[in-house]
Every structure is written in C-alpha cells, then in structure tokens.
Amino acid sequence: MKLKEEVNTLIKKAFANAGIEADSITVTDATKPEFGDYQFNGAMALAKQLKQNPRQIAQTILDNLETGGMVQKAEIAGPGFINLWLNPEWIAASCQNAEENDRLGIGTRSNPIKAVVDYSGPNMAKQMHVGHLRSTIIGDTLANLLEFLGDEVIRQNHIGDWGTQFGMLIAYLEEMGEEGNGSLKDLEQFYKDAKSRFDADEAFADKAREYVVKIQSGDAHCLTLWKKFIDISLGHCEEVYEKLDVNLSRDDVRAESFYNETLAKVVEDLDKAGMLQESDGAQCVFLEGDEVPVIVRKSDGGYLYATTDLAALYYRANVLGAKRISYVVDARQSGHFKQVFRVAKEAGFVPEDVKLEHVAFGTMMDKNGKPFKTRDGGTVKLIDLLDEAVVRAKAAITSKENYSEEELEKIARIVGIGAVKYADLAINRESNYIFDWDKMLSFEGNTSLYMQYAYARIQSIFRKYGKDVEGEIVIGDELEHRLAVMLLRFEDVLNKAAEDAAPNQITTYLYELVTLFMRFYERNPILKEGVDEQTRISRLMLADLTARTIKQGLAILGIQVVDRL
RNA sequence: GCACUCGUAGCUCAGCUGGAUAGAGCACCCGCCUUCUAAGCGGGCGGUCUCAGGUUCGAAUCCUGACGGGUGUACCA
C-alpha cells in the first residue's frame, strides 16, 4: 500500500477544502513515536507567504481534514507541526488485506516502463575479482526491485570480450592445445603465463599481434579460438553467478564485440551532427565546459570504450526501447559517464525523455582502509571470497539445533553468501566500505543474520502451532501499532529505493522492521498459556506478515531465507 | 592545477527532497531465561554532526570558503 500517498491525499484535500494554495504538500514519517505516525510540517513554511501565524494555518488545515476513518487523531504541536495518528482499526484492516494478498498488498506500477540495468560487466581476459562484487549485486538488486514493482527489466551484462589482449590470449590458447582447456581453469595464471611468453618470445609476440588483426578482420580460425576462449571464461563467471545467486544468464550477455559493426556509424553520425573535431589525429567531441574531449576514434583508427558505450546507448534506447538506463559501475568512472550521456543526448542518440543514470558505488576496502587485496598484494578472486564466506558461515552457526550435514551445508551457503551480499548492500552505495568478516557474520546489528534469525523464530512458532491461521488482525497495543504501520510502509520504501537506486534503503527498513518485531516477540507472547484465542490469531498473523515482508525484502536483495537457524 | 566525492560517538555506519531533545550496532557497565529460538530484549556510558561564514522562523541536511581523506584528469576499459 502506498501509505504516504494516502495520508498525503488527506492533507491535500484539507488544503483544497480550506481554499489554501500550496504547490508541494508532503507528509513525512513521524520523527518519534510520541509524535504519531506521520507529520506535516508545511504550516511553518506557509506562514510567511500567507502572513498568518503557523499554528493558525495548522488549525485551519485540521478544521478541514476529513479523516475518512484512516486518521484517528490529529494534533498541532510546537510551532505548527501537525501530528497524525492512524486509526488502529484502519491499520488492522490494511494489514489484513496485505496478509491475504500474495504480493503483500503491493501494487504494480500503473505506468510500467522498460528499464535496462547494465551490471557486472566482467572482463573475459581475467578472473572476476572482488571489484566485480558490488556492481553485480547492486545491479541485480535494482533489476529485481524494478521487476517486482512491475517494470519490464532488461538485464545487460556488458562483458569485456574485445581488445588487444585477446590476440595474445588466443595465440597462447592455440599453443597450449588441449592442455589449454585445463590451464584456463585459472584465468589469472593463464594470463600471466601468456604474458611472460609474450615478453620472452619475439616470434610469439608477433603472432599475438597478428592474431589481433585477424580477429578484427574476421579470420575464421582466430574467431573460433576467440569464441572458445570467451565461452570458457564466461563459464567461470556463470559459476560465480550461480554461487552468488544472481539472476544473470547467457541471454543477458551483450558483449562489447556486439557493437563492433555499429562503431563506425556512431562516429559518422556524430560527424553529421557537426559534433566531431579532429585533434592530434584523433576524432573527438569537445563538450562545452569540459577540459578533456570525448575521443571516439583514435589516431590509428581504432575505437574506444566511449564509442562502444555510445553505440550501446543507441541500441538500448532505440532498439530495446528503454526509458531508463542504469549503469551500475564504479564511481571512478563518473566522469566518463557524465560525458558519454551528454554526447548521447546532444547527438540525439537517446531521446530526451530517457533517463540515463550512473549508479555509482565506492571501493571495497580492508580493515585498515586500504583497497582490498590478498596478503601478497594481488586481487582477491571473487570465487575464493564466496567460498570462504560459506566456510566461515558454517563455523559461525555452531548451533543448538542438530543439523544434518546436508542441512548445515545448505544453511551455510545461504547464510554465508547472504551475509556478504547484505553487508555490501546495507552500505550507502556511494561511499567506500570496509570489508570485515567478523562484522558481516555477526548476528548483531544491521546484518543478514539478524534478519534470518527473526525469520527462523517466526517459522518456529508456526511449526509449533501446526494449524492454519484464519481470523482477524486487531491492533492490541502501541507496539503492535508501530509494527503494523511499519509493515504497511514497505511499498513506500521499495518505491523510493527504486527511484534512488539505493538498496540500503531496503536494508535500513528491514532492520527497523525486525527490531520492532524482536521487541514485539519478547513482550507479546503468542503461543504461551493465558493468551486468548483472538489475540493469539492476531499476533500470529502479524508475525506471518512480518516474516513474509522479510522474505520478500531479502528476495529483492537476492538473499534467500532458511526456516531453521 | 582543475574537476568530482567524502568528512556524524573510541570503531563501523544510518540520517542529507531543511523541522521538534542528531540515531543504530560494536566496545564498555548494569539488568532479564521453569513455557513461542537469550544468536534475543531492556537500561546506562559516549557527539561543539571537520572548521568558518551565509540563506532561513528553523541547518548534520542548502550555498560559499578553508582544512583533511579518496578518486579522476585525451587516444586502456
């Protein structure tokens, strides 16, 4: 339910009734429980403009407020705040509705759009490393979120499969023969070996350079080798996606090389648009106010990543028909995207009404605030990090429960991977973040385990209860009131998170929800003796709605839940 | 040099479309298990929101400047 919108509508109506003109009317969540559920602060701002006392204005609004059964109490406080308390019966009915609905009462967009989310983007010449983690999971979350809200999401994995290094790699692959398949298991090593061969052997280096040209000119033999190489490398990525539980498949791959044929046209079109200039032999677009140009064609005739990105933008906007194109890429590339987006719009490659956004994120750091590396200074392979997460999770869930080995393995996988993802997504994506195993696999604070634990506790109640729950939700006390309102806010949170492409808004919400639930759980017994049937049913339903909200929230983040923990 | 970005409790972070006494978790101290998972809950300690100005009835939030950290800065992606 779009709760805030509903409350807003009431206030807007009150304004209309009172005959007061105001351009933007927005209620906000109450800053404290004692101020109710929502508050409207606009009276103070209007005071000057209307030349009236703000409390007077607030009173006028209140006099014209039609509560419609939704608002129980409205009070003026302080200099002119209007505090609103929702009616418990209305809240209960709304929760009831959510509980009986398989989408938790959350609607789908009335005006869905096509949205392209570009994320992950590994380089086929190298193994995926920790640097790819954030793009992959933030992008996946955004895609899941938009999809859940009803947009038509097109996932695009813009893999790096083109460039001079592939000449060297396929020359080496050829030389290795059948053995190559085996040694390709470790791409990092393969690359190093190929490189040292390249540096040591002049004849090999020549061949590598020759192969670059041959791939580009479509030589069948070299293309076959290249395809084989990409295929194996992509297979490694898929292994990571599988472990990470990310919704990316081969169908989502739209590689750099896909745009090869259109690069010349990009340059040509820029020229036609009168935007092209030659500088030091390179074809450039000079944007007003920018010091450095966007180079779209090198002096040697080759194209660059800006050219490919322009081609991709054209494709996404015009062929795929996207109205929102989101690039989930490291913040260090913000300059690049700012320029490319400008060029694309100015050249008319992308219609005006298409939203282009760079969903930038910061760097992953170690405990000392240095870029995350292995002990010997190398990059940490993503697959190793994920495997370690599962091992550590296994150690962390030294349980009171007796798990079978199989069950333990399953829980460790969900919990370990979930912890890595949650810890990352819980951070405001724009800032750098410190990777800390201990914090990540803690049960305390805003961690995935805290959510998992709450979920498991609820499932445990239902296992014990053992019957279907049918009945009515009744808001029994202040705590249940707050929990219920929090549950109803879910849709607002999702919409805002989608708009801002901010997964941490979802984690923050889940943490608040679960914190409230834990208090409810401690204070309001459900199955214990002495709880009357109506109360029991109502609390069961609130608990169930909470569990389902946690599950749905985590699902959007790409994290599964376990019934026992 | 220029541009972007960040600076909130000892540590890790929320909050930033301006609103009431700035919030969590960790760490530290104190309470709560004979019945729903104590991996939990309650309480305490801890802040000139880097600094200086400005706008405003009201600023952690917006603007300007300084200081400090990070990043980028034409033919790699």
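Two strands count as paired if DSSP finds at least two bridges between them. With that in hand, welcome to this predicted model, where S7 and S8 are joined by 4 bridges and run antiparallel. The protein also meets RNA strand B, which has 67 residues around it. The points below begin with that RNA, then turn to the sheets and the helices.

**Around RNA strand B**

- Which residues come closest to RNA strand B? They are Lys48, Ile295, Lys298, Arg457 and Tyr521, out of the 67 residues that surround the strand.
- Sorted by class, the surface near RNA strand B holds 31 nonpolar, 17 polar and 19 charged residues.
- Sugar or phosphate accounts for 57% of the atoms of RNA strand B within 4 Å of the protein, and bases supply the rest.

**Individual contacts with the RNA**

- Tyr453 uses its side chain: one of its polar side-chain atoms lies 2.4 Å from a sugar or linking oxygen of RNA strand B.
- Leu565 takes part through its backbone, with a polar backbone atom 3.0 Å from a base nitrogen of RNA strand B.
- For Ala396, a polar backbone atom is 3.5 Å from a base nitrogen of RNA strand B.
- Several elements give two or more residues to the surface near RNA strand B: helix H2 (42–50), strand S4 (81–86), strand S8 (282–285), strand S13 (433–434), helix H17 (448–465) and helix H20 (503–523).

**The sheet that contains S8**

- Strand S8, one of the elements on the surface near the RNA, belongs to an open sheet of 3 strands in the order S7-S8-S9, with antiparallel pairing.
- Why is one side of strand S7 (276–279) and of strand S9 (294–297) left without a neighbour in the sheet? Both stand at the edges and each has a single partner strand, so there is no neighbour on the other side.
- From one strand to the next, the twist averages 45°.
- Within the pairing of S7 and S8, Glu278 stands opposite Gln283 in S8.

**The sheet that contains S4**

- Strand S4, also among the elements on the surface near RNA strand B, sits in an open sheet of 4 strands, ordered S1-S2-S4-S3 and paired antiparallel.
- Its edge strands are strand S1 (28–29) and strand S3 (71–77), each of which pairs on one side only.
- S1 is joined by 2 bridges to strand S2 (residues 38–40), and the two run antiparallel.
- Thr28 stands opposite Gln39 in S2.

**Helix packing**

- Helix H20, which gives residues to the surface near the RNA, has an axis that comes within 10 Å of the axis of helix H18 (residues 478–488), and the two cross at roughly 150°.
- That angle makes H18 roughly antiparallel to H20, and their crossing is left-handed.
- Helix H17, another contributor to the surface near RNA strand B, packs with helix H21 (residues 533–556) at an angle of about 140°, their axes being 10 Å apart.
- How are H17 and H21 oriented to each other? Their angle makes H17 oblique to H21, and the crossing of H17 and H21 is left-handed.

Note on methods:
Residues numbered from 1 in each chain as written. Chains lettered and ligands numbered in written order. Predicted model: local features only at pLDDT ≥ 70, side-chain atom pairs only at ≥ 80, totals over all residues. Heavy atoms only, no water. Near = heavy atom within 4 Å. Polar contact = N/O pair within 3.5 Å; in protein donor to acceptor, adjacent residues only side chain to side chain. Nonpolar A, V, L, I, M, F, W, Y, C, P; charged D, E, K, R; others polar. Axes fitted to C-alpha atoms, helices over the stretch in contact; angles between N-to-C directions. Parallel < 35°, antiparallel > 145°, perpendicular 65-115°, else oblique. Left-handed = near helix turned anticlockwise from the far one by under 90°.
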